Every structure is written in structure tokens, then in C-alpha cells.
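Here are some exercises to work through with the sequence and the model side by side. Try each task yourself before reading its solution.

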Amino acid sequence: IMEKPQILVYGEKNLNYSAFDVKWIPQSAKVVTLGSLPRGTGSLQVYEMNEGELNLLLNVERPKALKCGTFGASALENRHLAVGDFEGKLEIIDLNCHELPLYSVKAHNEIINTIDGVGGLNIGKGAPEIATGSRDGLVKVWDPRQRDRPVVTIEPKEGEQKRDCWTVAFGNAHNADDRTLCAGFDNGDIKMFDLRMMALKWETNVKNGVCSIDFDRKDIIMNKLVATTLESKIHIFDLRTFHKEQGFARLSEKGHKSTVWCSSHLPQDREVFASTGGNGSIYLWKYSYPSQRTKKLDDGSEVGVTGKVKLLQNATICEQPITSFAWSPDKRGLCACTGLDQTLRLLIVTKLNTV
């Protein structure tokens, strides 16, 4: 009998502040945490993993609380961190020389809830770009080489109510021209924008606020998308076949018995992904494709067919919601998470090569 993967806590550190995001520094054993100190200023800390211990290497206080960050638009050799704060400012920071940001712009009128980058870290083709989503209802795309103004601003249609954007994700960056951006909103809307055509490609509503969106890979032709929501729902969309009326095929699953805060695909295996819950749990899932990914309708058109998703393992590691999660891009099974209990945890998921 094949042994199941196990989710093990490898190390933990009490942060004494509210951490809203965690990211691995590429090609290192270091993580960066972003959050808010009790007095409302921002905290940026870098920790290094050393034999199960988390050692603090860098402790920076920023003028405003920090909500989210990404290395996704940075050259791999630079590893510059883009961050969004509670007052709508987007900044790019060199962690080796952090006193003055390399780039700073008032990106939104309200808090930047979410950020994603593409074109950096040798992942995805085309220009380096950063997407931001805000409580002000706007989604913007920024090119760090262009100062002061976004290259794209996506806003509600005239007469539509502005909705709080909770999550954004880049995908389809498989060549220098194509690029797709997905955004999830507090009312359950998911919108997919074709940045090459500068047009809305597809939209749907999943009935509950969308907490996270994650493509299985950024740098391939669109394949799968996972969206997680309030009310315990996980939705998997097959993106290979688009039908003009039915859109993309969708598979829905319940998990965590609470809000599903995060989803994140394993960098070394795009069919495996983790989700985190409001009850302090982490679930590990495996997606399996159907024998045929499309079927013909009576009118001759094709629609996508979803496969199945299997729960490989789950573990409850704390009593508070786990609100951020990141796999190590360099070491299979190593991951980090933070939650409302103000604790940074390093985890190891074993036996991933057997699933």
C-alpha cells in the first residue's frame, strides 16, 4: 500500500504582529513576511531556516501596514519584492538596500488587497508586469519600467457597482504576446481579462466571496484555475476549452468546513495543490484528468469536461485561520504559512513523489 503524504510542522516563530502575506525568497532558504504592527505601521521581516530554527535576518518598519507582496516581476538575480500597502501604495523594494524603494506609486485610493507578478524569475515570457487589486473596485497592471501610470486599468462598466477585489492572478504567459489576468471579487464574481486583446474574455459568479485564485502554471497555455471562497468551496476550472455560452467547465468541492483562504499549486507538480482554511487546517489535493477533456454538443460545438479531485491528506496545525501560504520553488514539499494567530510556520509535506 502506497504511503500517504504527511503534513508536518518543521519550525514556527511567534511574530507579535499581524502577518498578512508570506513569500519565499527565490533560490534561498529564506522567507519574507509582510503585515501590520499594533501601531498601524508596516512590518517587513526576513527569516532564514536553519535546522528547524527560524532566525530573524531583517526587520524593517514601513510607514503604512503592508498587505501583500510578490517577487513575480523581478529578475531572478535581483529578487526585488513588490508590495502593496493599506493606503493604496505600490512599492518595489531591494531587500539588500531597503531604505528607499526602487519604485513607488499611489496605485489605488484604498487598500491594495492583492498583488501578483509575471515576466520575472525566468517564469513566463514578455514584459515584467505587476497586477494589483483593491477595495476601490479597480484592477490595475503596472510595468515597473514605466513610472506613475498603469499600463492597464480595469474598472466596472458604467452603472455597475464597484466591488472589493480580493485576489488577482496572471496566467497564459507562454509567449511574448499572450497574457491573461484573473480577478476575484467579494460578491463571487470571477473575471478573466485577455491582456493581448484588452478585453474581458469570460466571467462567472460562484455565489461566495472569492478569497484566492491560482493558475496551475503561469507560463503555459491556460490549463486549469483553482478558485477558493467563503462557505468552504473550492472550484476548479478546465481552461483548455472555452464555449461561448457555457464558458469553462467547472468542478466544485467542499473543504475545511470554513472559509477557504488560499490555494497554491505545487511548483514541481501542477496536478497537486494545497488549500488553507479558517479552522487552521491545510488540505492537500490531487487533480486527475478525464479520459477525454472535451465533448461535442448537438450543434457541433465543443465544451470542456472536468476530471476528479482527490483529498490526499489534511492536517489542523492551529486554531486560527491560515490566511497566507507559499510553497518553496526550490525544494519539493517545503512550504510556509501565516495566520491570524501571528505565527509563521514552516511545514514539510512528505511523499509527494509518490502521488
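**Exercise 1. Find which residues the UniProt annotation "repeat: WD" covers, and describe that span.**

Solution. The unreviewed UniProt entry places this repeat at residues 130-143; positions follow the numbering used here, the feature name is shortened, and such annotations may be inferred rather than shown by experiment. Residues are numbered from 1 along each chain as its sequence is written, and this is a predicted model, in which local features need pLDDT of at least 70, side-chain atom pairs count only at pLDDT 80 or more, totals for chains, interfaces and linings use all residues, and side-chain values use heavy atoms, with hydrogens and water left out. Next, take the C-alpha atoms at the two ends of residues 130-143: they are 6 Å apart. The span is 64% strand and 0% helix (strands are DSSP runs of E, at least two residues; helices are runs of H or I, at least four; both are numbered from the N terminus).

**Exercise 2. Work out how strand β20 is paired and covered.**

Solution. Start with β19 (residues 224-229), which runs antiparallel to β20 and is joined to it by five bridges (two strands pair if DSSP finds at least two bridges between them). Lys224 has Asp238 of β20 as its bridge partner. Three residues lie between the strands of this hairpin, where Glu231 takes a positive phi near 65°.

Now turn to β21 (residues 247-254), which pairs with β20 through seven antiparallel bridges. Here Ile236 is matched with Leu251 in β21, and this hairpin also has three residues between its strands.

Finally, check the cover: of the 11 residues of β20 (residues 233-243), eight are buried (under 20% relative accessible area with a 1.4 Å probe, protein chains only).

**Exercise 3. Which strands stand at the edges of the sheet β14-β15-β16-β17, and why is one side of each left without a neighbour?**

Solution. The four strands form an open, antiparallel sheet in that order. β14 (165-171) and β17 (199-205) are the edge strands; each has a single partner strand, so one side has no neighbour in the sheet. For β14, that partner is β15 (residues 180-185), with six bridges between them. Thr167 stands opposite Gly184 in β15.

**Exercise 4. Which residues touch the most other members of the largest nonpolar core?**

Solution. This core has 19 residues, and the answer is Ile282, Ile317, Phe325 and Trp327 (a nonpolar core joins buried Ala, Val, Leu, Ile, Met, Phe, Trp, Tyr and Cys residues through side-chain atoms within 4.5 Å). β28 gives the most to this core, with three residues.

Key. Buried < 20%, exposed > 50% of the residue type's maximum accessible area, 1.4 Å probe, protein only.
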